[in-house]
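Please read this report alongside the sequence and the model. It takes up domains, membrane annotation, the chain contacts and one loop residue.

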Amino acid sequence: MRIILYELKKIFQLKMVCLLFIISFIFYQLFINFYFEHFPNGRPALDLYRISMEMIEQYGYQMNQEEFEHFKKVYEKEKAAADAYLQARQEYVEAGLDTYEKFRTADTEKQEIGELVDQIIFVDQVDLFWELQARETLIEYYENRDSLFSIVDHPLTAEQKERIKDTIASGNIMSAEVFENYNNLIRYVAILIIISIMFMISPIFLQDRRNHVVFLQYSNKTGRKIFNLKLQTAFIAAGFITTMQLGLFFLLYRGNKVGMFLDSNINSVFTHEVFWFELTFFQYILLTIVSIYLLTFTLTIIVAVLSNRAPNYISIVGFQVPLAILLFAVVIDYLVVRITKIGLPIYFLPSAYVLLILIGSFVYFWSVKKEKKVDLLH
Amino acid sequence: MNVWRFELKKAFQSPVVSILIMLFLFFNFWLIYNHAGIREELKVTNQLVERFGYKIDAEMSAKLQAYYQSKLQKMNELTRKKFGKTYERAGDFFSEYEYRSEVLSEEELHVITETAIVEGYYELIQEVDQKYSHLDLSKKAKADINKYGLSGKTAEVTREYYKKLNNRLDELIEAGEHKNLFFIGYVYRMHSFLFKDLMRQMIFEVMILVVLITGHVTTYEFQNQTHLTSYASKRGRKLMLDKLVANLLATLCISSVILGATLLVYFLVFDYSGLWGIPISSFFNNEFPFPYISWWKLPFGIYLSCVLVVFIICQLFFTVITYSIAVWIKNNYLVYAAFALLFGLCLLVPGIVPNTSSAIFWTRYTPFELILNPHLWFIGWNVFFPKNYIWMTSVIWTCLLAIVTVVTFLKFNKEQID
């Protein structure tokens, strides 16, 4: 236990921790902050988000045909209000834009009409008109819900068809803006966590070997068991870093105000997404967290073993370049973002988890066994 | 000379360097391979240029029209025989094409495709004048000001910028620089592919290698605890100077390997014969409604060479930056982290300065910002790409890095390295 504490101290040197803070800060500023500051990103995203909330308030987490008719009625009512808005303005009546229908289909190529339309939509940003647009989008999604059958490129299997049918029948309400926003955020957070772990764990063995401490370590009473202890330290450190990063992220994510959607089912015609399981948004978030932990633990063992075998810093960093490219460009898309999506086989995620655990344990036991007999002087 | 050789050996003896070079070359070839499907279609352009020259004028236009008509006639003969139908435009055929795919042989299909491409050229040529006369740069200035939320002084700079660009545009139209054939940018996006996708990928690849090697070579003595011997030898602390030279040489080596191999394959796959003299501001090179307007008249061949020169200059900058950091820090692991941080900071700063301060323009004069858009080098695209952008950045950073290197040397010469 004492050794683990000392080793933890070595990993979390003040210098490294400070650098990690600066790296995280810059990363947040460059990639993550955008999705906090610009959520919902402009209009009509803002209106779609608002109306989704209103729908949940009024209809609960599901919407049936009857409620949809009511939703349409609200739309008609607002349309009438928009008509009144237009008719109250002389210049719009004169330009022949006296009803919302005409306003919507107006030929904006003509300069004066284009300017009148821009005035309401972009200059005054009249809420009513943006809201109408958002409602139209949602109504369209609901009415064209059969288009969900085309979200997978290749021909559907019977199970996929079944899932899509269930989703269409359910009428689940979920905001596409919220879901998309979370997926973007968690992708970058996962990348940041991977970078943090690579950065902090890489020197773990290399440092000792470059200082020739390893000769002392292996010839004292604890002996080669220290290799195992240091691997465990790496796990503890990686777990701690991941927890801190995720904790910080979710603390900031609370500012996005998505509490209402946590109980929404993510299989929804409004997000145009179907998954293999009936997950609520909250369960989905938990699942991504589990994935990130599994990924980071496997990564930790790989990085630690690399650190034990690399002769110098250029090698350890150089070998992690392809690893990072692989993780960022491929693995995150399959293991963190939109997991359990219907496009992949149902057993993909469980087998990926099993594979990760297998790789991790194999590398772990293999390296421990190998280290027992390794010739240090060569 | 001998010392340089040994230092270079340190750079390349690590297997990771050769593995990374192989891997990066594989990525580049893969990218080219994925894009190679259009190479047959591109050859039509070479044929047209060979036949009529690339300069578009009335005479050439007439010849092209005659050629197009004959092609269309041939195609219609073919379709009449096969489907009992003729077409006014070759493009019309393709809207019904998929039902007929089995009936046509490879060769026959080729005839029709070729006709459609020639037709594309013929029709676009008719639009050139109209497109350029409709360009209103003051509108673009307004759009830019809105888009980036500029005001006051910075808005003034933007308007000034577009006035200058407008002068250049007038000059360009006067000289007929835009009236040249090239691969159709709207369809094939060859400019973006070569100068954005491929070139930017190569910039990052070479940068990674250069930073890894420079950090390694510069800190080698300290990392292997040979510093007390080597810096006490006759060569002494001047060894650091040799390391700088070796690093610069290694950078040139790496750049030429990656650039040479990739571009060789690129130009073997995509045939540019006959097109090297065509100005980059050609109408056909445009990929977006807003055209590529180069600040000088740059034929494709010269443009490519200029881009390569800037490429190498940037890599030399990265070498010197890493080198200077390495002399100060002496632990190459931290050197890599410091370089990454510097990169991030230089990208971060232009994003957080207020939009009303002219700092949003001059904070972009860094090699880090520069390498993000290699496809817009020497081109007036928006207010952040002024005429002096490339050479000012190069000059400023050359001076800056010269000073930094001198200071670094002075410091290292008197430093306690024990």
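The C-alpha centres of domain 1 and domain 2 of chain B lie 41 Å apart in this predicted model. Domain 1 of chain B comprises 2-38 + 136-413, and domain 2 of chain B comprises 55-134. These bounds come from an automatic or database domain assignment. Contact between them involves 8 residues of domain 1 of chain B and 8 residues of domain 2 of chain B. Two residues are in contact if their C-beta atoms, placed from the backbone, lie within 7 Å. On the domain 1 side of chain B, the touching residues are 5 nonpolar, 2 polar and 1 charged. Here Ala, Val, Leu, Ile, Met, Phe, Trp, Tyr, Cys and Pro count as nonpolar, Asp, Glu, Lys and Arg as charged, and the others, Gly among them, as polar.

Residues are numbered from 1 along each chain as its sequence is written, while chains are lettered from A and ligands numbered from 1 in the order in which they are written. Local features need pLDDT of at least 70, side-chain atom pairs count only at pLDDT 80 or more, and totals for chains, interfaces and linings use all residues.

An unreviewed UniProt entry annotates "transmembrane region" at residues 12-33, 244-269, 300-321, 333-353 and 389-410 of chain B. Such positions follow the numbering used here, feature names are shortened, and annotations may be inferred rather than shown by experiment. Two of the spans are tabulated.

| Span | End C-alpha separation | Helix | Strand |
|---|---|---|---|
| 12-33 of chain B | 29 Å | 95% | 0% |
| 333-353 of chain B | 31 Å | 95% | 0% |

Helices (H or I, at least four residues) and strands (E, at least two) are DSSP runs, numbered from the N terminus.

Now the two chains together. 18 residues of chain A are in contact with 17 residues of chain B. On the chain A side, H2 (14-37), H11 (203-210) and H15 each give two or more residues. H15(A) gives the largest share, 8 residues. The chain A side divides into 13 nonpolar, 4 polar and 1 charged.

A:Lys341 sits in the loop between H15 (313-335) and H16 (348-373) of chain A. Why does A:Lys341 count as partly exposed? Because it has 17 C-beta neighbours inside 10 Å; 20 or more would make a residue buried, and 12 or fewer exposed, with C-beta atoms placed from the backbone. Beyond neighbours within four places in sequence, A:Lys341 contacts A:Glu273 and A:Phe275. Its C-alpha atom is 24 Å from that of A:Ile139, 202 residues apart along the chain.

Finally, confidence. The model scores ipTM 0.90 and pTM 0.93. Chain B averages a pLDDT (the predictor's confidence in each residue, from 0 to 100) of 91, with 98% of the residues at 70 or higher.
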